[in-house]
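Visitor: Please take one part of this structure and go through it closely. I would like the strands, the helix packing and the charged pairs treated together, with the cut-offs stated.

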Amino acid sequence: MMMMFTPLLFLLFLFQLPVSFSQSSRGVFIDCGSNDGLSLNGLQWVPDTGYISTGTSKNIARQGLVPTLATVRTFPLQDNLFKKFCYEIPVNERRTMKHLVRTTYYYGGVNGNGNPPVFDQIVDGTFWSVVNTTDDYVTGNLSYYEGVFMPTGKNLSVCLAANVYTDSDPFISALEVVPLWDQLYNSTDFKSFAFSLVSRNSFGYDGPVIGFPDDQFNRYWEPFGLDAFPQSSSRNLAVSGIWNLPPAKVFQTRLSKGLAEPLTLLWPAGPVTPQYNYSIYLYFADDQTASPRTLDISINGVPYYNNLVVAPAGVVVFASRWPLDGITNLTLTPAPGSTMGPLINAGEVFQVLPAGAKTLPRDVIAMMELRSSFRNPPADWHGDPCLPSQYPWTGVTCLEGRRIRVVSLNLTSMGLSGSISHLITRMTALTSIFLGNNSLHGTIPDFSPLKGLEILHLEDNHLGGTIPPSLGNLQHLRELFLQNNNLTGPVPSNLISKPGLTLRYTPGNPFLTPPPS
């Protein structure tokens, strides 16, 4: 779910936060499109060139922007509908940890159109959301999206892709990937689900957005409800033991009523999509010890939690999967017999997304090795090769089921150079390979592990060496095109005599020994 800031105000928020060098975030903070690193509010931002190999860096022609908004990376729309362009963040040492992912967008007219493009964003094999920053940009605001995801491999990929509504090049200003401790949001199985942030707020607070170093994970806590019964909390609250580790600063303010009467908030501020469930976390702390404050909580009239005792140590009330639809009313009511008014300090709401599956790891590894063996692979060959299903790599066809496999490669006339990695044969579900009319060198791999291979086109390249006799042992092979290469040695007799095989090895291949007539 999209959040927004005014770019110039965002600058104030960043620099008004006190810098603490005793804390550090282990995350990766990427200034997209920039050639230089920078330090901002104690966080080290790096250029994006180490994480992506495609796209174009551009400058935003506006003075006074936060440095991380002054550049963007754009990705070509032409001929790239439903093609994803991915940042790949190494997470091998932390691959079992969930990660906060935040993407930030400020258009700045970089494409020449009046309004920014609408496009999709994807994390690994999970479709995250549509990126639509138009309304924010028209009012002078930047937008950010935040989610929580579990990596599916050694790299966590964050991808942008054009959809049918995209009318100019997709772009991105900044990308953050921060590992989260196991205890955070641990009521959700992130192997099966992912989070997309709807709202995170510090109630009764009117200062700049709370982030790092107050929040060690650089989660953003936006001000909310200053005009709805704000009160300051005691700064002597000893909040501890809340496993989501909200920053202490969110407990310094609250929304509260002095009388024992209900407090109703329109929160989150906007409508939510009904087809999803939502994960909701509400945070409370109170300095009253003589007469504990006791609350009943309801959401849209449905009881959420009853008889909550609010203590100085703080408490979080959560629901992992709660249905919401449209406008949401959060009501806090003094419990029967309680003489004190209700209060609340902070809250988070996440849309719960089904986590995407992943392509069989052996196929992923093989595709990455094949990508490395090509000197100029297709620009979208990053992220998961098959997923989401509407965004496979160029030339790649996959079969979904209990295991997601690569079943066909069609890279004919793609202008490829380099060689064919022998690890292509690890993709044992392949039934067809089309690599004709390129500029590939090297030798033909031993394709004998591909028991289901039916079609192999390697014609019109620069391949050398001999024709592997093992090709003749492939039971289902019915087309083998090898003409116009630099192959040598004899044509294997088991290919010549193989029934049902269409075999072509001429013209070309002048040093190939034909079978005896």
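Guide: What follows starts at one strand and works outward to its partners, the salt bridges, a helix and some loops. The model is predicted, so local features need pLDDT of at least 70 and side-chain atom pairs count only at pLDDT 80 or more, while totals for chains, interfaces and linings use all residues. Residues are numbered from 1 along each chain as its sequence is written, and side-chain values use heavy atoms, with hydrogens and water left out.

The part to look at is strand β14, residues 174-179. Helices (H or I, at least four residues) and strands (E, at least two) are DSSP runs, numbered from the N terminus. In β14, 6 of the 6 residues are buried, so the strand is largely enclosed by the rest of the structure. Buried means under 20% relative accessible area, exposed means over 50%, and partly exposed is in between, with a 1.4 Å probe and protein chains only. Ala174, Glu176 and Val178 point one way from β14, and Leu175, Val177 and Pro179 point the other way.

Two strands are paired with β14 here, where pairing requires that DSSP finds at least two bridges between the strands. Strand β2 (residues 28-31) is antiparallel to β14, with 4 bridges, and Asp31 has Ala174 as its bridge partner. Strand β8 (residues 99-105) is also antiparallel to β14, with 6 bridges. In that pairing Val101 stands opposite Val177.

Glu176 of β14 leads to the charges. A network of salt bridges links Glu176 with Arg102, Glu146, Arg200 and Glu348. A salt bridge is a side-chain nitrogen of Lys or Arg within 4 Å of a carboxyl oxygen of Asp or Glu. Within this network, Arg200 forms a salt bridge with Glu146, and the closest N and O atoms are 2.6 Å apart. Arg200 is in strand β15 (residues 193-203) and Glu146 in strand β11 (residues 142-149), so the pair links distant parts of the chain, 54 residues apart. Arg200 and Glu146 are both buried.

Strand β11 also holds Leu142. Leu142 is buried, with a relative accessible area of 0%. Its C-alpha is 9.6 Å from that of Ser173, although the two residues are 31 apart in sequence.

The structure holds 12 salt bridges. In another of them, Arg371 and Glu88 have their closest N and O atoms 3.7 Å apart. Arg371 lies in helix α3 and Glu88 in strand β7, so this pair ties together parts that are 283 residues apart in sequence. Both partners, Arg371 and Glu88, are buried.

Helix α3 covers residues 361-373, 13 in number, and reaches 18 Å from its first C-alpha to its last, close to the 18 Å expected at 1.5 Å a residue. The expected span is 1.5 Å times one less than the number of residues. The buried residues of α3 are Asp363, Val364, Ala366, Met367, Leu370, Arg371 and Ser373. An α-helix has 3.6 residues a turn, so residues three or four places apart point the same way. The buried residues of α3 pack against β7, β27 (396-399), β28 (405-410) and β29 (417-418).

A further salt bridge joins Glu454 and Arg478, with the closest N and O atoms 3.3 Å apart. Glu454 lies in the loop between β31 (439-440) and β32 (455-457), and Arg478 in the loop between β33 and β34 (479-481), so the pair ties together parts that are 24 residues apart in sequence. Glu454 is partly exposed at 29% relative accessibility, and Arg478 is partly exposed at 39%.

Two other loops can be added. Ser338 lies in the loop between β24 (329-334) and β25 (343-344) and is buried, with a relative accessible area of 16%. Leaving aside neighbours within four places in sequence, Ser338 is in contact (heavy atoms within 4.5 Å) with Ala260 and Thr294. Leu81 is in the loop between β6 (71-74) and β7 (84-90) and counts as partly exposed at 42% relative accessibility.
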